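Reader: Could you take me through one part of this model up close, the surroundings of the ligand, and then show me how the rest fits around that? Keep it informal, please.

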Amino acid sequence: MIKEKGSLVVVGTGIRTVGQLTGDTIARLKTSTKVFYLIADIVGEQVIKQIHPAAESLGRFYRLGRSRREAYDAMVERILGAVREGHRACCAAYGHPGVFAFPTHEAIRRARAEGYEATMLPAISAEDCLFADLNVDPATPGCQSHEATRFVLYKKPVDNTSALILWQVGMFGDATYRPDGNRGQWIHVLVERLLQHYPVDHEVTLYEAAVFINCTPRIERIPLAHLADATFTPATTLYVPPVGIGVLDEETCARLGIDLAAMAR
Ligand SMILES: C[S@@+](CC[C@H](N)C(=O)[O-])C[C@H]1O[C@@H](n2cnc3c(N)ncnc32)[C@H](O)[C@@H]1O
């Protein structure tokens with residue numbers, strides 16, 4: 001008997017697994033010979049287990065106080081091990097599996113480098129939920145999206161006429177694993193940075209999409225000045241709206257024959 005060559009598909013459960021799991025993803029979970037999952041909520045975990053009872057959690061690689069990067073390396077090695085054994089392996093991560101998700105991308109890169117077929121299916125991310133729940137469109141006025149700690153450490157340029165979305169604010173300044181986040185221990189450093197570009201009374205939104213059916217999202221609007229006193233969880237995303245719409249290039253509008261009044265809307 002010829003041993004089947006292993007392969008990998010990475011899928012996402014969406015933020016609210018019940019309702020956001022796609023038909024495509026369910027089919028992959030059913031037909032894979034080995035399923036791994038990295039899911040933050042118990043309902044999502046149960047759904048995966050119902051579809052594929054032998055599914056294995058990758059959450060056990062997290063250790064309190066250990067660097068997240070160390071845990072990710074161990075997860076990737078576990079997934080690659082199954083692929084090398086000849087499994088049709090599937091890794092399910094919450095949200096979109098390729099959005100702010102190092103181990104899933106790394107598993108695909110390494111599987112491909114070793115000559116295995118590896119693909120990723122898209123899914124609903126926290127940012128997708130944010131656009132729906134906060135009723136904002138990234139098209140106007142434009143949108144910047146950053147991991148909060150990297151945003152500060154790499155001194156990312158800020159265009160305050162675009163919206164700003166900051167991920168992982170609940171673990172700002174902390175590269176280790178803590179299931180409760182770091183409770184905003186260093187958040188004042190982020191506030192200092194934001195105050196260089198936004199007024200102190202600028203209203204920002206602490207956002208947490210609903211994970212369970214019939215629950216409401218957390219949408220807490222506060223002035224930037226109060227951000228350091230807010231409550232953060234590992235699921236908190238910060239939305240900073242723009243301070244204006246920017247300066248319209250009237251000369252180019254005229255060259256292109258664009259109606260100024262229409263652009264101002
Ligand atoms: C490691 S990333 C995972 C993102 C996920 N792959 C996705 O597609 O949304 C974790 C960060 O995603 C955001 N996040 C996760 N769950 C969320 C939720 N329910 N509501 C809002 N943001 C969430 C937070 O910024 C959190 O710190």
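Author: Let's start with charge. In this predicted model, the protein carries 28 positive and 30 negative charges, and the mean positions of the two sets are 9 Å apart. The protein exposes about 14,000 Å², with carbon and sulfur atoms supplying 54% of that area.

Now to the part you asked about. There are 19 residues around the ligand, and the ones that come nearest are His96, Ala126, Ala209, Pro234 and Thr237. Two of these also turn up when you look at the polar atoms. Proline 234 places a backbone N or O atom 2.8 Å from an oxygen atom of the ligand. Threonine 237 works through its side chain instead: a polar atom there sits 2.8 Å from a nitrogen atom of the ligand. Then there's glutamine 168, which has a polar backbone atom 3.0 Å from a ligand oxygen. As for cover, the ligand on its own would expose 570 Å², and the protein buries 94% of that.

Stepping back, what is all this built from? The secondary structure comes to 10 helices and 10 strands. Along the principal axes, the C-alpha atoms fill a box of roughly 70 × 50 × 40 Å. Of the 265 residues, 45% are buried. If you take the contacts with a separation of 6 or more, 65% of them join residues 24 or more positions apart.

Two buried spots on strands are worth a stop. Histidine 146 is in strand 6, and its relative accessible area is 17%, under the 20% cut-off, so it counts as buried. Setting aside its neighbours within four places in sequence, histidine 146 touches Phe100, Phe151, Lys156, Leu164, Ile165, Leu166 and Trp167. Of those partners, Leu164, Ile165, Leu166 and Trp167 take you to the stretch of strand 7, which spans 163–167.

The other spot is alanine 118 in strand 5, residues 117–120. Its relative accessibility is 5%, so alanine 118 is buried too. With the neighbours within four places left out, its contacts are Leu8, Ile108, Ala111 and Arg112. Take isoleucine 108 from that set: it is 10 residues away from alanine 118 in sequence, with the two C-alpha atoms 5.5 Å apart in space.

The loops have a few backbone details of their own. Proline 141 is in the loop between helix 6 (126–133) and strand 6 (143–147), and the peptide bond leading to it from threonine 140 is cis, with omega near 20°. Ala126, one of the residues that come nearest to the ligand, has the number at which helix 6 starts.

Further along, lysine 155 sits in the loop between helix 7 (148–153) and strand 7. Its phi is near 45°, a positive value in a residue that isn't glycine. Lysine 155 has 67% relative accessibility, so it counts as exposed.

Asparagine 214 tells a similar story, this time in the loop between strand 8 (203–208) and strand 9 (218–223). Phi is positive here as well, at about 65°, although asparagine 214 is not a glycine. With a relative accessible area of 79%, asparagine 214 is exposed.

Conventions. Residues numbered from 1 in each chain as written. Predicted model: local features only at pLDDT ≥ 70, side-chain atom pairs only at ≥ 80, totals over all residues. Heavy atoms only, no water. Helix = DSSP H or I, 4+ residues; strand = E, 2+ residues; numbered from the N terminus. Buried < 20%, exposed > 50% of the residue type's maximum accessible area, 1.4 Å probe, protein only. Contact = heavy atoms within 4.5 Å. Areas by Shrake-Rupley, 256 points an atom, 1.4 Å probe, with all protein chains shown as cover. Lys, Arg positive; Asp, Glu negative; His and termini not counted. Charge placed at Lys NZ, Arg CZ, Asp CG, Glu CD. Near = heavy atom within 4 Å. Polar contact = N/O pair within 3.5 Å; in protein donor to acceptor, adjacent residues only side chain to side chain.
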